[in-house]
Every structure is written in C-alpha cells, then in structure tokens.
Amino acid sequence: MTKLSFYGAAQEVTGSCFLLESESSKILVDCGLFQCPRFCDIRSREPFQFDPREIDALFVTHAHIDHTGRIPKLIKEGFRGKIYSSPATRELAEIMLKDSTGVLTKEATKEREPVIYTESDVDEAMRLWEAKKMHEEIQIGGFAVSFYDAGHILGSAMIAVDVGGERIVFSGDIGNSGSVLQKTTETVAKPTYFVMESTYGDRVHENEQRVLMLERVIERTVKRGGTLMIPAFALERTQELLSVISKMMEEKQIPKIPVYLDSPLSIKATSIYEKYLKIPFFKFPNVNFSLTTEESKKINDVPPPKIIIAGSGMSTGGRILHHERRYLPDEKSALLIVSYQAPGSLGRRIEDGAKSVSLFGEEVPVKCRIETISGYSAHADGETLFEFVRAHSDTLKKAFLVHGEPKASLALAQKIRDYLGIEAFAPKYGESVEIS
Ligand SMILES: [Zn+2]
C-alpha cells in the first residue's frame, strides 16, 4: 500500500510539498515555501506534519522558491537523505535559496521573529544534492523515480514514481506552450495518477498575440516618452523578455531604447541560462545589467523612454519598488504585468486597479497605465492543462489538482470529470489518499 499526502500547494499556489510512503520508504516531492501574503508566510514556520529524519530522499521539480524554499528548514530539522534534481535546477536553486535567505532574514528582523534557516543550512542542502539527467532512474526502496522535461523554466522536470504497478506523475509546474526558451512539455508513458498543477486552470492565455501585445505596449510607452516598468521573476520571464525585446529591436519592430535588467539575482540566473541555453544574453546590444546599487540608482538619470525589468515579480520587495515609487504617479509611464500576482501582493493590488498604494511608508498614487499580458506566464493555461490530461487519458485513473487557487483547480477538475470521465479533485492541506 502506498500513501500520498498533500502538505502544501493544496487549493493554493505556494508551499508545494508531497509525501509518498510505503511500508519501508518515504520520499518527498518538492519542499516549497508558503508565500501568500508574505514572502515567508507564517505557515512556513510551522513544524512539518511528518518527521524530516524519516524521509529517505527528496525530489525537486524545479528551482522556484515555492517548490524549494523549505528545503533548508527540512535540513535544519534533521533530514539527511539525498536530494535529487536536474543539473540546471541544482545550480539555479542554489542562487535562489541564497538570495531568499537574505529576504527571509530581512522579513524576520522586521517582524521580530527568528529566521527559519540560515545560509549554512543552504550549504548543507547543496552537499546532499545530486544532479540527475532526465529519464535516469533512481531507486529508493520500492520507488523507482525518473525526471521528464516539464518545459516550465530552465531545468524544470516532472517526476514519475513507479511503485507497485502504479505510476504517479508529479507535474511540478507545466510550461506554457508558447515558450521561446524551453522545449514543450514531454509526454510521460502510461501514468495512472497525476498530481498536477492548475495555476491557470480556469484561464486561457493570449499566446499568439503576446509578442504583438508587447510590441504595442513598448510603442505606446515610447510615444508618450515614458518609462516601462516590468516586474519579473528572476527565472525564465526575465530571460524570455530580454530575448524577445532584443529581437524586436534587431528587426526594427520597435525603436532602440535602453533596457535595464535591475536585479542582481536575475543577472546571476541569466548567466546560468547563458551556460545551458548557449544564448549570449550579456552581449545583447541596448541591454544594461545593473548589478550594484550605484548602477541601479544611475537608471534614474537616464531620460525616458526606457525599459526597466526588475524583481520581485509580484512587487513584494526588491528594486522594482524604487522604480514604482518614482514612476507609478507618472501618466506617461506604464507598468506591465507579465506574471501571476498572488492575492495580497502589491502587484495584485495594482493589477486589480488600486488608485494608490503604500510604498516605503508613503501613499503613492497610481497614475501610469497598467498593462497585462498573461501569455508571458511560464505556466500552461487551462486548455493546455486539459489537453495534457487528455493525452494521457488511456491509462489515467485519477488526477489530483494542486497548485491553484480553489476557483482554478475546481474548474479544471470539473472539466476533466465532465469531458474525460476521469476522477479529478483538488485535495485539501494535510489530506492523504491511498494509491493502489
Ligand atoms: Zn514554478
């Protein structure tokens, strides 16, 4: 008998953590931070609902913090098994976790709480962490585990676990079919259970028009002589935007205006992208990399029009806040939302039409244009997710929909039940189910 328990990303999008247990072994898939509404939500501080010392191995789908951010806490609380992921995920996770340690420390100091882990826990995690190639089988007790390309961000994988004649596939996050940097999501042979993300389970992306939409947003900003701010996640979105904007300039679809990547984390991530994808990001003309605070401040002196890409992706911290304080009140400027904005985040309030927002203790009016292009999401939309299930429907017995707000997960579950006749539901936090 195998038991599957959901310890995160259950009817919400953060905190991914799933436990598989047999009589003899226990493995975890992902160990992410709960992030709504804070970077480190209060629930990330709570003890695990299992004993970390009893876990034999941890498998990581990809480097995003909502899938990796509690790994050092797992270490701190006694986990000594092996950690497995793809090589790129291992490299990206190290810079992401080190960066998040800084953010966690800042947040904890502000809230007068102890920090949940430190950089030495991250270092210990890296010592236990082994990189594995796609499709290479790893045997842990009765579990045979292998990675499949998820097409979401660099290194992202789905994890297939074979046990007792069943094949449980954890999708991690599934890529958007319009991605310019990643391959399409792989088909996995003969799955019987899916633990599948459903972030955009109830939405359809405007994939086809996204380049055109971006072109128009940039043109409008240039015409008005304003600044275009793009809050973007360090992984994937940033590199995709740099590629697309550079190409548009090269092909003279948009005027050549200065582009600033104002995020030390994104710059580090971009060098890992350059290594794996062999794209010369650092040689793109018109793109400037602002590593130091001095370089960041100098962006202010450059007259518009200009484009600033900065973190964090949901405006919950980082250098984007300084630019937002400056340009949100400017009617000529624009803020472009290209990523998922979690409920409660500053980005979500702006997306929902707030007339003013609080930044650094002052009320800042929002007068610039707010533009949204959902096609730049690194997540598949509802139709793509549904098609993914349909493509595997011959052998699939059940789909557990995770990593989505209830509305999104439930809508997709309903569609899978109605159109494919496959049992599908969105489990709750702490719920366990028996497999086979
Ligand atoms: Zn992700």
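Two strands count as paired here if DSSP finds at least two bridges between them. With that in mind, let us look at this predicted model.

**A pair of strands**

Strand β11 (residues 193-197) and strand β20 (residues 398-402) run parallel, joined by 5 bridges. Pick E197 as an example: which residue is the bridge partner of E197 in β20? The partner is V402.

**The whole sheet**

This pair belongs to an open sheet of 7 strands with mixed pairing, and the strands follow one another in the order β7-β8-β9-β10-β11-β20-β21. Which strands stand at the edges? They are β7 (138-140) and β21 (423-425). Each of these has a single partner strand, so one side of β7 and one side of β21 are left without a neighbour in the sheet. Going from one strand to the next, the twist averages 20 degrees.

A helix joins the picture too: α12, made of residues 406-420, packs on the sheet and touches both β20 and β21. The direction of α12 makes about 175 degrees with that of β21.

**Two domains from the record**

UniProt lists a "Metallo-beta-lactamase" domain at residues 14-216, in an unreviewed entry. For residues 238-350, the unreviewed UniProt entry gives the domain "Beta-Casp". Here is how the model looks over each span.

| Residues | Helix | Strand | Distance between end C-alpha atoms |
|---|---|---|---|
| Residues 14-216 | 26% helix | 22% strand | 32 Å |
| Residues 238-350 | 41% helix | 14% strand | 20 Å |

Definitions and conventions
Residues are numbered from 1 along each chain as its sequence is written. This is a predicted model: local features need pLDDT of at least 70, side-chain atom pairs count only at pLDDT 80 or more; totals for chains, interfaces and linings use all residues. Helices (H or I, at least four residues) and strands (E, at least two) are DSSP runs, numbered from the N terminus. Axes are lines fitted to C-alpha atoms, for helices over the stretch in contact, and angles run from 0 to 180 degrees between N-to-C directions. Two residues are in contact if their C-beta atoms, placed from the backbone, lie within 7 Å. UniProt positions are given in the numbering used here, feature names are shortened, and annotations may be inferred rather than shown by experiment.
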